[in-house]
Amino acid sequence: MTSVFISYSSNDIQVADFVVDHLRNRGVDVFIDRERLNSGNFVEQLGAKIEEQKYFLVFISPSAVSQSKWVQAEVTWAFIEKDPEYIIPIWYKPAKLTKVFVLAGLERVDFTRWDTDRDMDDAIGKLCRLMSIEYDAQIAEPVREPMLNDTPVSESVIEDKSFPDDKGVPQFAKRDVAKIFQSAVSAQSEDPEKALYLYQRVLELDPYFMNGGIESFVKRQEEKMLPMRLYQLETRIKDARSYGLWEEVQLLAETMLDIDPNEPDASEYIVLAKQNIECEPIYQQAKIAFDGGNQSVVNLLMADIASNCPNYGDPSSILKGQAICRDLTPYVTIKSVLRGHTGPVKSVCFSPTGRYIATASKDDTVRIWSVISGEAVETLRHGANAMAFSKDEEYLVIADSHTRVILYRLKDWRPVHTFSGNTNCTDLEFTNDSKSLVTGWETGGLKVHNVPSLGEARTDLRTEQGNIESLSITEEGMLYANIYVPFVTVMRSIVQVWATDTWERVRLDAFEDVTRRVTRRNLEVSTDGQMLAYRGQDHLSIRLLPSGEEFWCYAVLGASPIVTDFALSPTDYALIAVAAKNNDGQHLSLFSASADERIRELNGHDGAVNAVAFSTDGVHLASGSDDCTAIIWQL
């Protein structure tokens with residue numbers, strides 16, 4: 001059975017109990033001390049418990065890291081007895097890290113929203129992953145147990161907080177102080193931050209250690225560690241800024257001043273943080289308006305924040321779950337960076353519910369990721385020319401680079417059926433009832449297959465002779481196919497349409513004379529069937545249906561960017577994500593077609609962006625890059 005020791009300040013007991021309940025409901029043996037020691041040696045009692053339990057969880061808050069001698073003592077002993085991978089900080093409230101800087105480098109679980117939002121499934125899920133226990137979403141029921149010395153604790157005692165952190169002081173024997181020092185020396189080469197923390201604790205516990213030489217010894221170690229600590233704080237500050245966590249920015253900057261009073265950037269960060277903290281009341285009113293369904297008020301208040309506090313970042317708790325739209329593009333931020341591919345990511349694809357994202361790479365693998373956690377779920381060992389999830393989210397189909405089409409079952413990620421064609425499959429789509437699969441082929445026309453057998457249901461979808469380049473199916477069940485016709489005198493692309501309920505073809509004469517080739521897998525029809533977008537070799541165009549009238553065109557002339565991929569928002573059809581490149585590098589931008597302007601550039605990749613896609617609900621945007629990563633963006 002997995003076991004854990006909970007270290008906390010009495011001011012944080014409610015959130016500690018919340019975590020305790022969730023862990024116990026999953027079979028974890030949890031020790032949480034509600035009494036504090038009245039007398040006796042700390043190491044012989046609480047220290048023994050820390051050694052006994054496999055994991056050590058510590059709740060981070062101002063009262064815990066700055067005021068509680070008990071938390072400081074427990075953290076000290078945890079670093080003596082445990083590898084850092086078994087120590088998990090729970091970040092509850094922003095706090096200065098001066099006394100526990102050693103915790104800043106560990107992977108943390110974010111509970112900063114707990115006071116306002118008890119829906120902490122993501123955080124509990126991550127905690128379970130770090131502790132290697134099975135996670136399932138469930139509501140925790142209180143599971144109270146006797147604590148230290150088998151003394152039960154009543155709820156009234158908990159509510160009255162009659163066990164303050166200053167009730168006694170944890171006592172260390174001289175031999176224990178010596179053990180702390182020896183552990184610090186042993187950690188010096190591999191983990192200097194851990195060593196410095198333990199040296200500082202020795203100085204606090206016994207200023208006369210080593211005949212008083214400990215003070216000068218600690219100062220020398222602090223000077224050695226200063227550059228790395230400042231770099232680590234700078235990184236944390238940038239991360240907090242990107243999410244609009246300005247109270248955390250201020251406390252991190254104050255920590256920076258504590259360890260280096262001459263650091264010039266620290267004061268600037270503090271000024272900036274205080275300025276943006278003033279926008280917090282506006283944000284709270286925006287949250288009230290959002291809860292009341294008054295989106296126009298939300299947009300107005302958010303615009304005011306963007307104007308007066310341009311670096312406010314992403315107030316994620318109010319925007320979480322909203323679809324990306326033109327009004328809120330200033331708040332689009334990175335949710336997850338998906339790392340694992342060893343080659344450029346060339347295509348991305350969301351499952352219909354937004355639970356999974358598939359990424360295909362030139363390393364000849366397709367990886368499946370959890371959108372919620374950003375963790376890899378499965379790796380399929382082959383390349384992909386095209387891929388699609390079934391609408392009922394039971395299957396993933398992949399057209400590989402060897403003329404094969406492979407149907408996988410999501411339940412266990414096992415192949416169900418495979419068949420091969422005479423040429424490469426260029427694109428594929430499931431029908432809306434998930435009972436049929438449409439495949440397009442090089443010089444091979446269109447085929448319809450039964451699911452899951454992949455047997456051919458019909459072969460009479462007659463098309464113009466040429467290569468099937470792209471397929472798209474609307475919510476109304478209309479199949480759009482772009483066909484590249486390589487005539488000797490003139491090359492042209494045409495679009496033909498079928499109704500998937502009857503498989504009757506409808507001709508769109510307005511598109512018969514499109515002379516600029518539509519590039520493979522870059523034709524998309526809006527979910528309401530009102531607009532058709534396509535990317536040619538030198539343009540990106542959107543046309544209204546059924547008239548074919550041009551609605552918007554992103555022309556490529558001279559040194560202008562070359563469009564590599566694009567995606568229509570499924571909820572705001574005038575919002576378009578465009579990946580384009582020129583001599584200056586690669587750009588991932590959000591355009592407003594109605595205003596004919598770029599409204600936001602998304603910077604996150606270190607290489608060319610090859611692929612972009614919206615989730616079905618418009619909440620997430622994904623991009624794949626030559627830097628071997630994919631990024632999930634959200635509000």
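**Exercise 1. Two cysteines**

Decide whether C128 is buried or exposed, then place C325 by its relative accessibility.

*Solution.* Start with C128: its relative accessibility is 0%, so this cysteine counts as buried. Keep in mind that you are working with a predicted model. Next, take C325, which has 21% relative accessibility and therefore counts as partly exposed. The cut-off for buried is under 20%. Finally, look for disulfides, for which two cysteine sulfur atoms must lie within 2.5 Å. The count comes to zero.

**Exercise 2. The chain as a whole**

Find how many helices and strands the chain has, and what share of its residues is buried.

*Solution.* Begin with the secondary structure: there are 14 helices and 33 strands. Then turn to burial, where 54% of the 635 residues count as buried. As a last step, consider the contacts with a separation of 6 or more: 53% of them join residues 24 or more positions apart.

**Exercise 3. A glutamate in a helix**

Work out where E248 sits and which residues it is in contact with beyond its neighbours within four places in sequence.

*Solution.* First locate E248 in helix α10, which covers residues 246–259. Now check its accessibility: at 8%, E248 falls under the 20% cut-off and so counts as buried. Then list its partners, leaving out neighbours within four places in sequence: P94, R108, R236 and A240.

**Exercise 4. Nonpolar cores**

Identify the members of the largest nonpolar core that touch the most other members, and the helix that gives the most to this core.

*Solution.* A helpful starting point is that nonpolar side chains in soluble globular proteins tend to be buried together. Here, the largest nonpolar core has 59 residues, and those touching the most other members are F42, F56, V75, W77, F79, L103 and F172. Helix α4, residues 69–81, gives the most to this core, with eight residues. Apart from it lies another core of 30 residues, including F18, V30, F59 and M131.

**Exercise 5. The second largest pocket**

Describe the second largest pocket by its volume, the residues closest to its centre and the strand that gives the most to its lining.

*Solution.* Take the volume first: about 1,300 Å³. Of the 49 lining residues, V348, C349, E429, E524 and A613 are the closest to the centre. Next, trace the strands: β7, β11, β15, β19, β23, β27 and β31 each supply at least two lining residues. Among these, β23 gives the most, with seven residues. To finish, sort the lining by class, which yields 23 nonpolar, 16 polar and 10 charged residues.

Note on methods
Residues are numbered from 1 along each chain as its sequence is written. This is a predicted model: local features need pLDDT of at least 70, side-chain atom pairs count only at pLDDT 80 or more; totals for chains, interfaces and linings use all residues. Side-chain values use heavy atoms; hydrogens and water are left out. Helices (H or I, at least four residues) and strands (E, at least two) are DSSP runs, numbered from the N terminus. Buried means under 20% relative accessible area, exposed over 50%, partly exposed in between (1.4 Å probe, protein chains only). Contact means heavy atoms within 4.5 Å. On a 1 Å grid over the protein atoms alone, a cavity is a set of points where a 1.4 Å probe fits but cannot get out, and a pocket is an open set with protein on both sides within 12 Å along at least five of seven lines; lining residues have an atom within 4 Å of a point. Grid points are joined across faces, edges and corners, and a volume is the space filled by probe spheres set on the points. Ala, Val, Leu, Ile, Met, Phe, Trp, Tyr, Cys and Pro count as nonpolar, Asp, Glu, Lys and Arg as charged, and the others, Gly among them, as polar. A nonpolar core is a set of buried Ala, Val, Leu, Ile, Met, Phe, Trp, Tyr and Cys residues joined through side-chain atoms within 4.5 Å.
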